[in-house]
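Below are some comments on the model you sent, set out point by point so that each can be checked against the coordinates.

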Amino acid sequence: MKLVSLFLTAFLTENIVLTKFLGLCPLMGNSKREENAYKMGILVVLTTVLSSIISYLFYYQILVPSNTAHLRTLVFIFTIASIVGILEILIKKYFPSLYKSMGLYIPLITTNCAVLGISILTIDNAFSFLETVIYSLGSSLGFLLVIYVFSTLRIKMDRAPILKGFQGIPIAFITLGIIALLFTRYGL
């Protein structure tokens, strides 16, 4: 039951985007079309879960025993960049149409602060290995949920009669703020 609660907390009530505002760059950049949002979300889930697992193992098996835990951020960034590089190669080889549609956005996952933030949060919260997997899966699926739902809203906003000064990014941030308030106020 504790793992289910951890998953739901990471997925909804402490959604990484809506409560910690991590991952806003890919959210804003890839939420103009539902298809791109979904693809980016899936890639973030894969990257986050894999990097959290590898970072956890590296941290507890190498950094802590060698008294070099202070290097964790550097190691986590290297881990994320390596995983994204491998995923990019695999996607380019086995899913060329996906690679063509995502192109530049695949390497940008490396700079997604949500991915790094999740790895750091699992260590800061002293999660066990299984809790790390569950938390990273819940958090990254929460990112996928937000980016997909947000993309559907942005499509509607592009068709809505919005004052010129609020069109585009301004109304997107206002909408995201309202969604974040709903999540934090009502614990959705």
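1. Phe173 lies in helix 9, which covers residues 169-186. In this predicted model, the relative accessible area of Phe173 is 40%, and Phe173 is therefore classed as partly exposed, since buried would require a value under 20% and exposed one over 50%. Once the neighbours within four places in sequence are set aside, Phe173 is in contact with Leu24 and Met28. Leu24 stands 149 residues away from Phe173 along the chain, yet the C-alpha atoms of these two residues are separated by 9.6 Å.

2. Helix 7, residues 113-124, has 12 residues and spans 16 Å from its first C-alpha to its last, close to the 16 Å expected at 1.5 Å a residue. After the helix comes Ala126, which has a positive phi, near 55 degrees.

3. How many of the residues of helix 7 are buried? The count is 10 of 12, so that the helix is mostly covered by the criterion of under 20% relative accessible area. Among the buried residues are Val115, Leu116, Gly117, Ile118 and Ser119. The buried residues of helix 7 pack against three partners, namely helix 3 (34-63), helix 4 (72-94) and helix 8.

4. The contact of helix 7 with helix 8 (residues 129-159) deserves its own point, as the two axes come within 10 Å and cross at roughly 145 degrees, in a crossing that is right-handed. On the side of helix 7 the residues that meet the partner are Ile118, Leu121 and Thr122, while helix 8 contributes Thr132, Tyr135, Ser136, Ser139 and Ser140. Sorted by class, this contact has 3 nonpolar and 5 polar residues, with no charged residues.

5. The structure holds 6 aromatic pairs. One of them joins Tyr56 and Tyr60, whose ring centres are 4.8 Å apart and whose planes make an angle of 55 degrees, a tilted arrangement. Both residues belong to helix 3 and are 4 residues apart, about one turn of the helix. In general, an α-helix has 3.6 residues a turn, so residues three or four places apart point the same way.

6. Is each of these two tyrosines buried or partly exposed? Tyr56 counts as buried because its relative accessibility is 13%, whereas Tyr60, with a relative accessible area of 29%, is partly exposed. Tyr56 and Tyr60 also belong to one aromatic cluster, together with Tyr59, Phe76 and Phe129.

Definitions and conventions. Residues numbered from 1 in each chain as written. Predicted model: local features only at pLDDT ≥ 70, side-chain atom pairs only at ≥ 80, totals over all residues. Heavy atoms only, no water. Axes fitted to C-alpha atoms, helices over the stretch in contact; angles between N-to-C directions. Helix = DSSP H or I, 4+ residues; strand = E, 2+ residues; numbered from the N terminus. Left-handed = near helix turned anticlockwise from the far one by under 90°. Contact = heavy atoms within 4.5 Å. Nonpolar A, V, L, I, M, F, W, Y, C, P; charged D, E, K, R; others polar. Expected span 1.5 Å × (residues − 1). Buried < 20%, exposed > 50% of the residue type's maximum accessible area, 1.4 Å probe, protein only. Phe/Tyr/Trp six-rings, centres within 6.5 Å; stacked < 30°, edge-to-face > 60°.
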